[in-house]
Every structure is written in C-alpha cells, then in structure tokens.
Amino acid sequence: MIVTTKELFTQAYGKYAVGAYNINNLEQTIGLFRGNLGKAGSNDEPTNPAKSAPFIIQISRGARSYSDKRFLEALIRTAEDVFPEAIFAVHLDHGTEEVCYDCIESGFYSSVMIDASHESFEDNIAITRRVVERAHERGISVEAELGMLGGVEEDIEVSAEHACLTDPDQAVEFVERSGCDSLAVAIGTSHGAYKFTGNQGLHFDRIQAIQDLLPGFPLVMHGSSSVPKEWVERINAAGGQLPNTSGVPEKDYLPAAKLGVTKVNIDTDGRLVWCAIHREVFRDKPADFDLRTAGKPFMAAYAEFITKKNEALGSAGQLEAVRAALSGVNA
Ligand code: 13P
C-alpha cells in the first residue's frame, strides 16, 4: 500500500529512521519488497513481522531516464499487488523544479525532493517555496536541502572543500520561509563509496543543534550508505578495484534517528551488493551467460541486505505498528 511520506514520518520521528532505498530495475524492486517483509528466498515465503518494516522507494532522475519513468511506476504498482502487506511511500530523489512538477502532476508520488542547495540561500528558498505550493495543493510533501554534501549526485559534483555543514539558524529560517515538510541536512556525510578520509564521521553536535531549534521537524540524511567492508572485499576479490572506501557506521543510524533524522538515504550500498553478486557469479561460472543465474542470487542477497539495514535503522519490526496506526487502531 502506497502511503504518504508524512504518515511514515509521524510514526517514526524520534524512534527510528525509515530506510529510503533507490531502485532502477526489476530485480532491485523485488529484492527491496522481499527484504522489507523479511522474506529473503522467494516472494511466496510468509511475511516475518519481526523483520518487516515500512520503507520509502526513491527514484532519481537518472533512474527515471535509465529505462523510462513509466517502467518504474509499473514495476512499483505490480510489486504493490504481489506484496499486498507492504506499506511504503514513493519519493523523487534530487529533483529539479521541472521534474518535481512532472512527479506532482503524475499523481503517483508520495513526496518529492527539490534540490536547490547549490543555489544561493534566497534562490533556494524561492524555488523550494514554488514547489511546495504546487505539491501541497495535491497533498504531496516536499523535502528540500540546505547546506552542501560532498560527492557526486546526478550531474552535480561537490568537492570536499566546497562541502559545508547546515547552519542551524539558517535551517530555521529556511523551513519557515520555504514551507518544506522535511529537510536534508549536511552533517558530515557525502554521496558515494568514499565518504571519509580520516577519522571524520557524523557531526552529532550539528544534528543536535538543528533539532534543538526545529523540534519535531523531520530531518533527512543523504549519503548514508555504510559501504560495508564485506561487500567491498567481495567485489575486489572478484576482480573489482575499489580502494580506500568508507561509509557511515551503521551504529550511528539509531542515535541520529533519536535526534530527528527520520529518513536515511541508501543507494551506494545497493549498488555494491549488485556488483559483488554479478562479479562473483560470472567469475565462478565463466561458461554461463544467463542473466537469471546472477539475477536470482542478487534478489536474495539484496533482500537479506535490506532486512539487515532495517535492523540497524530500527525500522525492522515496526510494520504492524504502522499498519495499526494508519487504520486508527492503537498498536
Ligand atoms: P549513498 O551514496 O550514501 O548511498 O547516498 C544516497 C543518497 O543520499 C541518495 O539521495
């Protein structure tokens, strides 16, 4: 069942973070739904309530143009039929103003992100405000971004020296004047597989300072992949070349969630799982060329990865409480 992002945030705020996972194709979609229902092996396995989680599907502009945005919508609609127990929201990741309007008009998305963080403070507010007005008319919520994360996202690359943390006072003014419903904050993370070069990590003091000034307001953490050593080692052992990777330690997710980080964006980790499985399968079966030989173990591995990630986020085991709350029954 597709629900509003706002409903998921209301349930999660201050308790756990909702995983927001990027998808591009069929196998990722199936693995994602299975993982959020605690069924690794097949669609027909019974749902495991202790491992089931509400989640957000993220669609980037790159994913919309990789195949065709209509394929993704059809995949998600079909997954909704195949997995009727799932409760999730559909979100546009890093939208431009134009793409936000397209998603708002489509009637399919629960929320959109307008990313004008590379514009001036005033322009960021003005652009976000315009998107908020159009989205709210349709009951769709808007994530905006303030501050500058490092790394590459879509077609924008921000070098480490240009990345800057979100200023808490500016965050208050930004939220008030733009009317956005959640805010992506720069708190030390960056997109991709190379987040930290030394002992840096999440700036908990900055998250705390923002929450103190915006109590109850959902914050979003981009660049949250943990870049697990296990997956990087498997990739490199199977011919990959990913040196000096680093990510956000999973143990940091829950403390961040308690400080109002309600949505945690994961894309890179999913790519690593995909890469490791495909490299291993064709290394071990050099005479095989069937895409299903790799697709099957990938779906199982991705489902298992999602379930584990939700455990770290604290969202695993929360699905039934969300369902009860949405139907007006006390969980
Ligand atoms: P990662 O690159 O850490 O997975 O972050 C993804 C993201 O923030 C998408 O918006």
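In which helix is A209 found? Helix α8, which covers residues 204-213. Keep in mind that this is a predicted model. Before going further with A209, here's the chain around it.

The protein chain has 13 helices and ten strands. On overall size, a compact globule of 331 residues would come out with a radius of gyration near 20 Å, and the chain's own 19 Å agrees with that. If you want to set up a box, the C-alpha atoms fill roughly 60 × 50 × 35 Å along the principal axes.

Some whole-chain numbers, side by side:

| Quantity for the protein chain | Value |
|---|---|
| Share of the 331 residues that are buried | 54% |
| Share of contacts (residues at least 6 apart in sequence) that join residues at least 24 apart | 77% |
| Share of accessible surface belonging to carbon and sulfur atoms | 52% |

That last share is taken from an accessible surface of about 14,200 Å². As for charges, the chain carries 31 positive and 47 negative ones, and the mean positions of the two sets lie 5 Å apart.

Now back to A209. Is this residue in helix α8 buried, exposed or partly exposed? Its relative accessible area is 27%, so A209 counts as partly exposed, since buried would need under 20% and exposed over 50%. A209 also pairs up in space with a residue from elsewhere in the chain: P168 is 41 residues away in sequence, yet the two C-alpha atoms are 6.3 Å apart.

Terms used
Residues are numbered from 1 along each chain as its sequence is written. This is a predicted model: local features need pLDDT of at least 70, side-chain atom pairs count only at pLDDT 80 or more; totals for chains, interfaces and linings use all residues. Side-chain values use heavy atoms; hydrogens and water are left out. Helices (H or I, at least four residues) and strands (E, at least two) are DSSP runs, numbered from the N terminus. The radius of gyration is taken over C-alpha atoms; the globule rule is 2.2 Å times the number of residues to the power 0.38. Buried means under 20% relative accessible area, exposed over 50%, partly exposed in between (1.4 Å probe, protein chains only). Contact means heavy atoms within 4.5 Å. Accessible areas come from the Shrake-Rupley method with a 1.4 Å probe; for residues, only the protein chains shown count as cover. Lys and Arg count as positive and Asp and Glu as negative; His and the chain ends are not counted. The place of a charge is taken as NZ of Lys, CZ of Arg, CG of Asp or CD of Glu.
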